[in-house]
Amino acid sequence: MPTETIFQKILKHEVPSEVVYEDDGALAFMDIVPNARGHVLVIPKGETGENLTDTDETAMAPVWRAVHHIAPRIIEAVEAAGFNVIMNNGHAAGQRVFSPHVHIVPRFDGDGLEPWPKIERSVEEIAADAVIIRAALKE
Ligand code: AMP
């Protein structure tokens, strides 16, 4: 039995959190070390694995529904100009809590959160990547 993550403990009310929204399938609460004012995390209530790769779509569907419902309202509440919806999957992607969660990060004009750097990739290399990905998606 793997060790419970902090988010699983939040779900069971074993650890305090600032819950802002809850429905049958999802729970949303304030990120305790936010990247921006109003940074909220949304987690599924159903059975999950560590991230999107090993979690059933039926568990994740309520999370995407909740994000769609609450993100515009959060943005209005904190008077942000936009928002990012981010899900880190795997250590290399920056995931640090290994149960699935989606970040809603409000954005403010000139907030200094720099976008990810672009990489050099030729048109031919991109086309070759598309061939590999298309083949993988047919499997
Ligand atoms: P990730 O890097 O995608 O795994 O994101 C984990 C997020 O969880 C980070 O933004 C942390 O600030 C946040 N976090 C960690 N512990 C807690 C907690 N107890 N309550 C709320 N947010 C947390």
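A residue is called partly exposed when its relative accessible area lies between the buried range, under 20%, and the exposed range, over 50%. With that scale in hand, the salt bridges of this predicted model can be introduced one pair at a time. A search of the whole structure finds 6 salt bridges, and three of the pairs are described here, together with the exposure of their partners.

A good place to start is the pair formed by E14 and K12, whose closest N and O atoms lie 3.8 Å apart. E14 has a relative accessible area of 48%, a value under the 50% limit, and therefore counts as partly exposed. K12 is partly exposed as well, with a relative accessible area of 46%.

Further along the chain, the side chains of D111 and R107 meet in a salt bridge, with 2.7 Å from N to O. The relative accessibility of D111 is 28%, which places this residue in the partly exposed class. R107, at 23%, is likewise partly exposed, because values under 20% would be needed for a residue to be called buried.

D129 and R121 make up another pair, and here the closest N and O atoms are 3.0 Å apart. D129 is partly exposed, with a relative accessible area of 26%, and R121 is partly exposed at 38%. Turning from single pairs to groups, salt bridges with shared partners join E4, K12 and E14 into one network. As general background to these pairs, side chains of opposite charge can pair when their charged atoms come close.

How values were computed. Residues numbered from 1 in each chain as written. Predicted model: local features only at pLDDT ≥ 70, side-chain atom pairs only at ≥ 80, totals over all residues. Heavy atoms only, no water. Salt bridge = Lys/Arg side-chain N within 4 Å of Asp/Glu carboxyl O. Buried < 20%, exposed > 50% of the residue type's maximum accessible area, 1.4 Å probe, protein only.
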